[in-house]
Amino acid sequence: MKKVLVLIICLSLCFGIPMNTRVAGYYGSSHPENLIDKNSGLVRSLIWSDEFNGNTLNENNWRYDIGDIEPRWGSRTYSTARVENVNVHNGLLDLTSQISFSNNGKVLIGSTYTGSINTYDRAYFKYGEIEIKAKMAPGKGACSSSYFLGKDHPWPTCGEVDLFEFSNHTNLLTQAIHTKRFNDFNSSSPIIWQNSIDKSKYHVFKMRWYDKKIEFYIDNKLSATYDPANYTTNSNPTEDNTIWPFNQPMMLNLRGSLDPNLGGERDPEGWTLVRENVDSKDYETHTYLDYVRVYTYQIDKTITNLLKYKPALYRAYKKKKSKKLTIELFPGDWNSGYEFRIYKTKKNAKKNKKVLVKKIFKGSPTTVKVKNKKLKNKKTLYVRARSYQYCYNVKYYSKWSKPLKVKIKK
């Protein structure tokens, strides 16, 4: 019988007849250029984007805000959103804010206008990575902002995540979390983080949205982490909707706000003069966005194949008074190594309880020898094995093999 098995193994090696399920396509199946984190083993896949090519806004992706906007509370209107204040040119989205001052630059005259768009009824996102490359509007009193709102509830129950809000009054960029706990009628203290940036340059703003936390990044550097466990005594903090409403789809908003609560008091500093009238001057300032990209996280194909893999043990044997156990395996060449566990009973082996001996071997050997004083004088033994593979510095394990009974020789 052994000769037959050896012949089958040789034929499989010569002609490629599969002996068992292997980690198919390990080499070349990964895409390192798409990795989120080399220490996670996760890859990211682009699922939605707008590169703002062409000369018109893609209305399959976006809806225009039209009319009075800001603020959420109160009736005062700080700016009016118009279609003509949203333009696409030279591979950029241009959200233009417009304002008029008296000739001495001290008095605000007439209406103020801005550009604002959102993905309402176009696209909603839940978990993943959102990346936006943008350049802030430099006009004093203007605020470039990008934020997410939950789909199914009114504010603040819906939750809000501010990817960026840049104030030309403080010259600080704010990233924030708004929820019912932090922003209800009896409270107005959102969780905020602020950083200095060079507003004359483009920056990459990123949000990694997991099912239990949210991370913010500026130019690929971690700038803040929102962990709901820090704000509740609930053993499952994400079940507390007042601090974690972020388990529902959210829409994206892009806006050039003129709310002085965000941008500070407005004056001509940093604005571009576009027209001089008899008794006033007209100014513009621009928020530019290079792209918006949304990624989902996926386990590398290599890893998913490995997780399905189950090593095949050929036989195991030892002499009764020996401390050495010999284990023979069918070939498996896409492994970093094996872990073996030895048990006294088949029941323990099936339930993975009361392990007698554990042993790890590197590489893909077809024969291994385990030496341990606990193996001496045992009448019956059972062996299980699983393979492991390193992928992007993370160790992943296959399924356990079926328990194999050891032949005890006199």
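Strands β3 and β9 (residues 116-118) run antiparallel to one another, paired over two bridges. Within that pairing, R63 sits opposite N118 of β9. Keep in mind as you look around that this is a predicted model. Strands of a sheet, in general, pair through backbone hydrogen bonds, either parallel or antiparallel. Here the β3-β9 pair belongs to an open sheet of seven strands, and if you walk across it you meet β3-β9-β18-β11-β12-β13-β14, with antiparallel pairing. The walk begins and ends at the edge strands, β3 (63-64) and β14 (191-195), each of which pairs on one side only.

One strand of that sheet also leads us indoors. Strand β12 (residues 160-167) gives four residues to the largest nonpolar core, and that is the largest share of this core. The core itself has 44 residues, and those with the most contacts inside it are L93, I132, I177, I214 and L254. This fits a general habit: in soluble globular proteins, nonpolar side chains tend to be buried together. Click on I214 to get a feel for the surroundings. Leaving aside residues up to four places away in sequence, I214 touches V161, I177, M207, R208, W209, A224, T225, Y226, W244 and F246.

There is another core, lying apart from the 44-residue one; it has 25 residues, among them Y309, L325, I342 and A385. A385 makes a handy way into strand β26, where it is the bridge partner of F340. That bridge is part of the antiparallel pairing between strand β23 (residues 337-343) and β26, which extends over seven bridges. Strand β26 (residues 382-391) has other partners too. With strand β27 (residues 394-397) it pairs antiparallel over four bridges, and there C391 is matched with V394 of β27. With strand β28 (residues 404-405) the pairing is again antiparallel, over two bridges, and V383 finds its partner in L404 of β28. How much of β26 is covered? Mostly all of it is: nine of its ten residues are buried.

Now for the charged side chains. The structure holds 15 salt bridges, and a few are worth a stop. R82 and E84 meet through their side chains, N to O, at 3.6 Å. R82 counts as partly exposed because its relative accessible area is 23%, which lies between the 20% limit for buried and the 50% limit for exposed.

Another salt bridge joins the side chains of K133 and D290 at 3.8 Å, N to O. This pair links distant parts of the chain, 157 residues apart, with K133 in strand β10 (residues 128-135) and D290 in strand β20. Both ends are partly exposed: K133 has a relative accessible area of 27%, and D290 comes in at 22%.

K140 and D267 tell a similar kind of story, with their closest N and O atoms 3.7 Å apart in a salt bridge. K140 lies in the loop between β10 and β11 (143-150) and D267 in the loop between α3 (260-263) and β19 (272-276), so this salt bridge ties together parts that are 127 residues apart in sequence. K140 is partly exposed at 23% relative accessible area, and D267 is partly exposed at 23% as well. Elsewhere, the charged residues go beyond simple pairs: E129, E131, K206 and R208 are linked in a network of salt bridges. R208 should ring a bell, as one of the residues that I214 touches.

Let's go back to strand β20 (residues 280-299), where T285 has its place. Is T285 buried or exposed? T285 counts as buried, because its relative accessibility is 2%. Its side chain reaches the backbone nitrogen of G139 at 3.0 Å. G139 also turns up among the contacts of T285, along with L95, T96, S97, A137, P138, A142, G270 and W271, not counting residues up to four places away in sequence.

Last stop, the cysteines. How many disulfides does a search of the whole structure find? Zero. C143 is buried because its relative accessible area is 1%, and C158 counts as buried too, at 2% relative accessibility.

Definitions and conventions
Residues are numbered from 1 along each chain as its sequence is written. This is a predicted model: local features need pLDDT of at least 70, side-chain atom pairs count only at pLDDT 80 or more; totals for chains, interfaces and linings use all residues. Side-chain values use heavy atoms; hydrogens and water are left out. Buried means under 20% relative accessible area, exposed over 50%, partly exposed in between (1.4 Å probe, protein chains only). A polar contact is a pair of N or O atoms within 3.5 Å; within protein, one must be able to donate a hydrogen and the other to accept it, and residues adjacent in sequence count only if both atoms are side-chain atoms. Contact means heavy atoms within 4.5 Å. Two strands pair if DSSP finds at least two bridges between them. A salt bridge is a side-chain nitrogen of Lys or Arg within 4 Å of a carboxyl oxygen of Asp or Glu. A nonpolar core is a set of buried Ala, Val, Leu, Ile, Met, Phe, Trp, Tyr and Cys residues joined through side-chain atoms within 4.5 Å. A disulfide is a pair of cysteine sulfur atoms within 2.5 Å.
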